[in-house]
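Please take a look at the structure below, and keep it open as you read. We will walk through it together, one stop at a time.

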Amino acid sequence: MKKALLKVGYTCNNNCVFCHSRPLRRHPDLATREIQRRILQARSQGAEMVVLSGGEPTLRSDLPSLLRFARAHGLRTGLITNGRRFVYPGFAAQLASSGLGFVYLSFHSPSRRTHALSARTDSLPETLAALDQLIRLGVPVTVNAVVTGHNIGKLSALVDLLAARRPDKIKLSVLEPKGAALDDPALCPPLGAAARAINAALSRGRRRYPGQRFGCEGLTPCLLPGFAEFNDDLIADGFILFRESFEDRFFPPDYRNRAQAVVCRGCALTESCPGVFKGYLERPTPPALKPRRPERPRLPCWGRT
C-alpha cells in the first residue's frame, strides 16, 4: 500500500529524551482546513493511506473528523502516537469507527521507571492499556521501541511483554543522533552495541513467539542478519510521500540522513545498504561495521596456474 506521512503539528503530551521534533515546536499546529487540503494533495499524488503524525496527533479535537474526511475521499488512515489518549473512555472506539486503520505506537521499556525516564512521564500503564484496547478493537498496531542507553539492556524483556499481547508487529529502532538526543551523549549507544542487543532480542523473539512479526530500522545488512526480512524504514514500509507541517509540499522519503562509511567501499552489500545515520560517522570512534568483500570468481581447473 502506498502511504503518505503527514506531520500535523508538534504539540505533545510527552517530552521524550530523544525527540527529533523538539526543535520544531516553535512551528504552529496546522488548521483543520489545511490538513484536509494536504490529505487531498496526498491522494492526488498516489497515496492510498495517509498517516498523521506530530507531535501527538491524538491531542487534536478534530482528529475524528479528519479520519472521516480521509475515508470519504477513498483513503485509509493511520496514526503515529504515544497512545496515551486511547485509554480515555470511548476514544479508541470513536477513532476506529471513524476509519482508523493502523497505529504506530511508541514504546520505551517494560520497566515503568525506565519508560518514565525516556518519555519524561509516568505513562507505561497508559501505553500498555492503549495497546490492549486497540488490539481488542482489531486495529493493526506496530509497536516501535527506540533503542537508547536507558533500555538497551531490557530489549528481550520488552519483546516478551509485547509479544504476549500479539500486536501486528514489534519493531526495534536504532536511535538517530539528532534533536533532543544530542543533549545527552550517553543516551545513544555505540552502533555495534545496539546491533548486538537488537539481534539478540529479535532472535529470541523469533524462537519464542512463532508467527509474531518483527521489524528493525537503522541497521545495515552487515549488522542485521535477515536484513531483507527485518528492515522496516519508511521506504521499506511503503511510504512514497513525507511532509513536515512547515513544508510547502510533499517529498519522497530518502536516505539523505544516512551514509556509507569509507570502510564500506567495495562491500558486496553496497547496493542493498542504505548506510548508517550520519551522526555515527561523525563520532570519534567509527561504527563497528562489517563490510563483505565480493567473492572472487572461481577459475575452471584448466585456467589455473
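Arg 166 sits in the loop that runs between helix H6 (155–163) and strand E6. In this predicted model, the residue has a positive phi of about 60°, even though it is not a glycine. That is worth a pause, because most residues other than glycine have a negative phi. Is Arg 166 buried, exposed or partly exposed? With a relative accessible area of 40%, Arg 166 is partly exposed.

Arg 120 tells a similar story. Here the phi is positive at about 55°, and again the residue is not a glycine. Arg 120 belongs to the loop between helix H4 (112–119) and H5, and its relative accessibility of 42% counts as partly exposed.

For another backbone feature, please turn to the loop between strand E2 (49–53) and helix H2 (63–72), where you will find Gly 55. Gly 55 is joined to Gly 54 by a cis peptide bond, with omega at about 10°. This stands out because most peptide bonds are trans.

Now let us follow strand E6, starting with the core. Which residues have the most contacts inside the largest nonpolar core? They are Phe 86, Leu 172, Ile 198 and Leu 219, in a core of 80 residues. Helix H7 (residues 191–208) gives the most to this core, contributing seven residues. A second core, separate from this one, has seven residues, among them Leu 5, Met 49, Val 51 and Tyr 104.

Leu 172 is a good place to look around. Leaving aside residues up to four places away in sequence, Leu 172 touches a long list of partners, including Leu 155, Leu 158, Ile 198, Ala 201 and Leu 202. Asn 144, Ala 145 and Val 147 are also among the contacts of Leu 172, as are Gly 215, Cys 216 and Glu 217.

Ser 173 lies in strand E6 and, at 5% relative accessibility, counts as buried. What does Ser 173 touch, beyond residues up to four places away in sequence? The answer is Tyr 104, Asn 144, Ala 145, Val 146, Val 147 and Glu 217. Tyr 104 is thus a contact of Ser 173, and Tyr 104 is also included in the second core.

Glu 217 leads us on to charged pairs. Side chains of opposite charge can pair when their charged atoms come close. Glu 217 forms a salt bridge with Lys 171, and their closest N and O atoms are 2.8 Å apart. This pair links distant parts of the chain, with Glu 217 in strand E7 (residues 213–217) and Lys 171 in strand E6 (residues 169–174), 46 residues apart. Lys 171 counts as buried, at 3% relative accessibility.

How many salt bridges does the structure hold? There are 17 of them. One of these joins Arg 84 to Glu 126, with the closest N and O atoms 2.7 Å apart. Arg 84 lies in the loop between strand E3 (76–81) and helix H3 (91–97), while Glu 126 is in helix H5 (residues 124–137), so the salt bridge ties together parts that are 42 residues apart in sequence. Arg 84 is buried, with a relative accessible area of 17%, whereas Glu 126, at 25% relative accessibility, counts as partly exposed.

Arg 256 and Asp 254 form another salt bridge, their closest N and O atoms being 2.8 Å apart. Arg 256 is exposed, with a relative accessible area of 61%, and Asp 254 is partly exposed at 35%. Please also find Glu 34, Arg 37 and Arg 38, which are linked in a network of salt bridges.

Our last stop is the cysteines. How many disulfides does the structure hold? The count is zero. For Cys 12, the closest cysteine sulfur is in Cys 16, at 6.2 Å, which is too far for a bond. Cys 12 counts as partly exposed, at 30% relative accessibility. Cys 188, by contrast, counts as buried at 6% relative accessibility. The sulfur of Cys 188 is 14 Å from its closest cysteine sulfur, in Cys 216, so this pair is too far apart for a bond as well. Cys 216 is a residue we have already met, as one of the contacts of Leu 172.

Technical notes:
Residues are numbered from 1 along each chain as its sequence is written. This is a predicted model: local features need pLDDT of at least 70, side-chain atom pairs count only at pLDDT 80 or more; totals for chains, interfaces and linings use all residues. Side-chain values use heavy atoms; hydrogens and water are left out. A salt bridge is a side-chain nitrogen of Lys or Arg within 4 Å of a carboxyl oxygen of Asp or Glu. Helices (H or I, at least four residues) and strands (E, at least two) are DSSP runs, numbered from the N terminus. Buried means under 20% relative accessible area, exposed over 50%, partly exposed in between (1.4 Å probe, protein chains only). Contact means heavy atoms within 4.5 Å. A nonpolar core is a set of buried Ala, Val, Leu, Ile, Met, Phe, Trp, Tyr and Cys residues joined through side-chain atoms within 4.5 Å. A disulfide is a pair of cysteine sulfur atoms within 2.5 Å.
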